[in-house]
Amino acid sequence: MKHAVIFGLIGLLIGCLISYLVFASVNLLSAAGYVFNVVGGFAALVAAVSYFAKQLFEHKMELLAEQGKITFSKTYQLRAEAISEAHGRLLDYQEAIQMFSMSGLNHQNNEARQNAVANINKLKDAYFDFMTRRALYLPRATEKKVREYFTRLYQYHIQYVFIKDHPPKERSVELKKWLEAGEKMPDALKALEDDFRTVLGFTD
């Protein structure tokens with residue numbers, strides 16, 4: 001747009017000069033003065049147009065930058081909320097299976113055991129529902145780590161549940177495997193939480 005205005009002004013200048021030379025008396029000194037005045041006015045117009053175009057461009061860039069900040073802010077908020085919920089879902093599920101393993105209910109067949117198992121399955125379903133709806137807001141690498149940690153928890157729980165189904169001679173071996181798997185859980189959780197902090201921009 002700026003260039004179109006400038007070229008239009010150049011055309012106007014040429015038209016003015018031609019009209020002056022055709023209709024005015026041919027006086028070179030007078031013509032030179034006229035050209036000087038017109039050129040001076042033209043330069044002022046060009047400067048004004050350039051200044052206006054620059055201000056318009058800078059204003060547009062400011063608007064785009066502000067829009068980018070708003071978009072980034074909303075994206076960060078959605079991602080932070082997704083991370084917070086993922087962390088909470090995993091901890092709830094982990095706590096439930098730990099409480100189940102410490103309660104001794106696995107060796108019983110009563111209503112208390114049924115309620116505990118139902119609660120674990122409810123938390124598992126809540127996790128899957130979350131991943132279906134909100135995993136989109138997690139970075140792909142973080143989403144993968146969340147799924148891996150949940151799988152680790154699930155396998156840890158199933159491993160414990162089926163210890164009692166092994167022959168008596170094998171139970172001690174399976175129990176040892178389960179305990180060893182449990183010893184690795186804190187480090188796995190810490191690695192996931194460190195990834196959460198990195199994604200959120202925490203440096204300490």
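Is aspartate 195 buried or exposed, and what is its relative accessibility? At 13% relative accessibility, aspartate 195 counts as buried, because the cut-off for that label is under 20%. Keep in mind that this is a predicted model.

So what does this acidic side chain pair with? Aspartate 195 makes a salt bridge to lysine 145, with the closest N and O atoms 3.1 Å apart. That pair ties together distant parts of the chain: aspartate 195 belongs to helix α6 and lysine 145 to helix α4, 50 residues apart. Lysine 145, for its part, is partly exposed, with a relative accessible area of 36%.

Now for α6 itself. With 16 residues at 1.5 Å each, α6 should span 22 Å, and the 23 Å between its end C-alpha atoms agrees with that. Its buried residues are Met185, Ala188, Leu189, Leu192, Asp195, Phe196 and Leu200. Looking down the axis of α6, these buried residues fall within an arc of 135 degrees, so they line one face of the helix. Turned away from that buried side are the exposed residues Pro186, Asp187 and Thr198. After α6 comes glycine 201, with a positive phi near 90 degrees.

Next, the core. The largest nonpolar core has 32 residues, and Leu90, Tyr93, Phe100, Val146, Tyr149 and Leu153 have the most contacts inside it. Two or more residues come from each of α2 (28-103), α3 (111-134), α4 (140-161) and α6 (185-200). The biggest giver is α2, with eight residues. Take valine 146 as a sample: leaving aside neighbours within four places in sequence, valine 146 touches Leu90, Tyr127, Met131, Leu138, Leu192 and Phe196.

Back to charges. There are eleven salt bridges in the whole structure. Here are three of them, by closest N and O atoms:

| Lysine | Acidic partner | Closest N and O atoms |
|---|---|---|
| Lysine 145 | Aspartate 195 | 3.1 Å |
| Lysine 164 | Aspartate 165 | 3.3 Å |
| Lysine 177 | Glutamate 174 | 3.7 Å |

In the second row, lysine 164 counts as partly exposed at 29% relative accessibility, and aspartate 165 is also partly exposed, at 48%. In the third row, lysine 177 and glutamate 174 sit three residues apart in helix α5 (residues 168-183), so about one helical turn separates them. Lysine 177 is partly exposed, with a relative accessible area of 42%, whereas glutamate 174 is buried at 16%.

Finally, there's a network of salt bridges that links Glu81, Glu85, Arg89, Asp129, Arg133 and Arg134.

Definitions and conventions: Residues numbered from 1 in each chain as written. Predicted model: local features only at pLDDT ≥ 70, side-chain atom pairs only at ≥ 80, totals over all residues. Heavy atoms only, no water. Core = buried A, V, L, I, M, F, W, Y, C linked by side-chain atoms within 4.5 Å. Buried < 20%, exposed > 50% of the residue type's maximum accessible area, 1.4 Å probe, protein only. Helix = DSSP H or I, 4+ residues; strand = E, 2+ residues; numbered from the N terminus. Contact = heavy atoms within 4.5 Å. Expected span 1.5 Å × (residues − 1). Arc of directions from axis to C-beta. Salt bridge = Lys/Arg side-chain N within 4 Å of Asp/Glu carboxyl O.
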